[in-house]
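Trainee: I should like to go through this structure with you, beginning with burial and ending with the aromatic pairs. May we proceed by question and answer?

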Amino acid sequence: MTTLYGYFRSSAAYRVRIALNLKGLAYDQAPIDLVAGEQRGEAYLADNPQGLVPTLVTDDGLRLTQSLAICEYLEEVHPEPALLPEAPAERARVRALAQLVACEMHPPNNLRVLRYLTGELGVDEAARLGWYRHWVHEGFTALEAMLSREAGSGDFCHGDAPTLADACLVPQVFNAERFECDLSAYPRIRRIADNARALDAFRRAAPGEQPDAR
């Protein structure tokens, strides 16, 4: 059985859960408690030297890391239903939307970055929250403009079916809501996220549905 090592509130693991569910693939979960530091344990570092989640271990023993790389692997090995459109230009657009979230918004608000701010740099909680909200608004402002300009009237980030971009967007919206970011300026993002979260694949991937949720 394929096993996903993750943490219930990890955006990166959340993306992969969505992708697995959209593909209809069965998998076991092996929770890694990021708050307790289990990702830095010797056993886990042997699977993922970065000490990050997720790690996907396939049923034939292949170990995969980095959420977008895992999702692209799933797309290549299990092409239906597709997470990327067929046309090269459309595929590039979906990848750009996904990477805006995963590569631009997520890294400065990663747990280890936030801990570094309040630990080594001595930033107080109010400044930490301001940091988080700043990067959310930077990213969502650009994303809202891209979606509004290019996407037409589709229900999702690209057309009327969920793609890799939606798998990245929904976890970022969840985190923004958790940190009480004001999302009123992003109506298209909110509408797309609501459409996606109405689907079973997204509901089952939500943090509150995971075995390590608390």
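Trainee: What percentage of the 214 residues in the chain do buried residues make up?

Mentor: This is a predicted model in which local features need pLDDT of at least 70 and side-chain atom pairs count only at pLDDT 80 or more, while totals for chains, interfaces and linings use all residues. Residues are numbered from 1 along each chain as its sequence is written, and side-chain values use heavy atoms, with hydrogens and water left out. Buried means under 20% relative accessible area, exposed over 50%, and partly exposed in between (1.4 Å probe, protein chains only). By that criterion, the buried share of the 214 residues is 50%.

Trainee: Which helix gives the largest share of the largest nonpolar core?

Mentor: A nonpolar core is a set of buried Ala, Val, Leu, Ile, Met, Phe, Trp, Tyr and Cys residues joined through side-chain atoms within 4.5 Å. The largest one has 53 residues, and those touching the most other members are Ile 18, Phe 140, Leu 143, Leu 164, Leu 169 and Ile 189. Helices here are DSSP runs (H or I, at least four residues), numbered from the N terminus. The largest share, eight residues, comes from helix 7.

Trainee: Which residues does Leu 164 touch, leaving aside those up to four places away in sequence?

Mentor: Contact means heavy atoms within 4.5 Å. With residues up to four places away in sequence not counted, Leu 164 touches Leu 68, Cys 71, Glu 72, Leu 83, Leu 84, Val 94 and Ala 98.

Trainee: Is the pair formed by the rings of Tyr 5 and Tyr 44 stacked, tilted or edge-to-face?

Mentor: Rings of Phe, Tyr and Trp (its six-membered ring) pair if their centres lie within 6.5 Å; planes under 30 degrees apart count as stacked, over 60 as edge-to-face and the rest as tilted. The count by this rule is six aromatic pairs. For Tyr 5 and Tyr 44 the centres are 6.1 Å apart and the planes stand at 45°, so the pair is tilted.

Trainee: Is Tyr 44 buried or exposed?

Mentor: Tyr 5, its ring partner, has 22% relative accessibility and counts as partly exposed. Tyr 44 has a relative accessible area of 5%, so Tyr 44 is buried.

Trainee: How many residues apart are Tyr 14 and Phe 174?

Mentor: Their ring centres lie 6.1 Å apart with planes at 80°, so this pair is edge-to-face. Tyr 14 lies in helix 1 and Phe 174 in helix 7, so the pair links distant parts of the chain, and the separation in residues is 160.

Terms used. Helices (H or I, at least four residues) and strands (E, at least two) are DSSP runs, numbered from the N terminus.
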